[in-house]
Amino acid sequence: MNKIILIILGMTLVTYIPRLLPFFIVSSSKLPKKVNRFLKLIPYTALGALIIPGAFTAVPQMPLAAVFGAGFALVYSWLRGGIIVPVFGSVLIVFFMLLIR
C-alpha cells in the first residue's frame with residue numbers, strides 16, 4: 001500500500017511542478033500588451049472548443065436546441081465573460097428544450 005501512495009505522490013509532484021513554474025515566472029514580471037491580450041482571449045477560445053463541436057452533434061433530432069444553447073453561451077460570454085456560467089447555462093437550456101419537446 002505504501003508503494004501506491006508514493007507513486008501517487010510522485011505523480012502529483014511531477015505534474016504539479018510544470019503547472020506551478022510558469023505562475024512564479026510570470027507573476028514577478030509585467031507582461032507585454034500583446035501577451036496580456038492573448039491571455040484574456042483564452043476563455044472565449046476554450047468556450048468555443050468546448051461547446052461548438054459537440055453542440056450540433058449532441059442532439060441530431062433537435063438542432064434548434066443546439067442553436068439556442070450555443071447562442072446563450074455566445075451572448076453571455078460576450079456580455080459578462082467567464083466560462084462556467086455559459087457552459088452550465090447552455091446545458092440547462094438544451095435540457096429544458098428537450099423536456100418541452
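**A tour of helices 5, 4 and 1**

Begin by selecting helix 5 in this predicted model, and look at the face turned away from its buried side, where you will find the exposed residues Ile84, Phe88, Val91 and Leu99. Now turn to the other set of residues in helix 5 and select Pro86, Gly89, Ser90, Val94 and Met97, which are buried. These buried residues cover an arc of only 130° around the axis, and therefore they sit on the same side of helix 5. It helps to remember that an α-helix has 3.6 residues a turn, so residues three or four places apart point the same way.

While helix 5 is still selected, place a distance between its end C-alpha atoms: the helix runs over residues 84-100, and at 1.5 Å a residue its 17 residues should span 24 Å, which agrees with the 24 Å that separates those two atoms.

Next, move to helix 4, which covers residues 63-79, and pick out Ser77 within it. Is Ser77 buried or exposed? Its relative accessibility is 2%, and because buried means under 20%, Ser77 counts as buried. If you also show Leu74, you can see that its backbone oxygen lies 3.2 Å from a polar atom of the Ser77 side chain.

Finally, go to helix 1, residues 2-27, and select Ile17, which lies in it. Ile17 has 40% relative accessibility, so it counts as partly exposed. Then add Leu13, Leu21, Ile25 and Val26 to the selection, since together with Ile17 they form a nonpolar patch on the surface, with about 450 Å² of accessible area together.

Notes. Residues numbered from 1 in each chain as written. Predicted model: local features only at pLDDT ≥ 70, side-chain atom pairs only at ≥ 80, totals over all residues. Heavy atoms only, no water. Patch = residues over 30% accessible without salt bridge, like charges linked within 9 Å, V, L, I, M, F, W, Y side chains within 5 Å. Areas by Shrake-Rupley, 256 points an atom, 1.4 Å probe, with all protein chains shown as cover. Salt bridge = Lys/Arg side-chain N within 4 Å of Asp/Glu carboxyl O. Helix = DSSP H or I, 4+ residues; strand = E, 2+ residues; numbered from the N terminus. Buried < 20%, exposed > 50% of the residue type's maximum accessible area, 1.4 Å probe, protein only. Expected span 1.5 Å × (residues − 1). Arc of directions from axis to C-beta. Polar contact = N/O pair within 3.5 Å; in protein donor to acceptor, adjacent residues only side chain to side chain.
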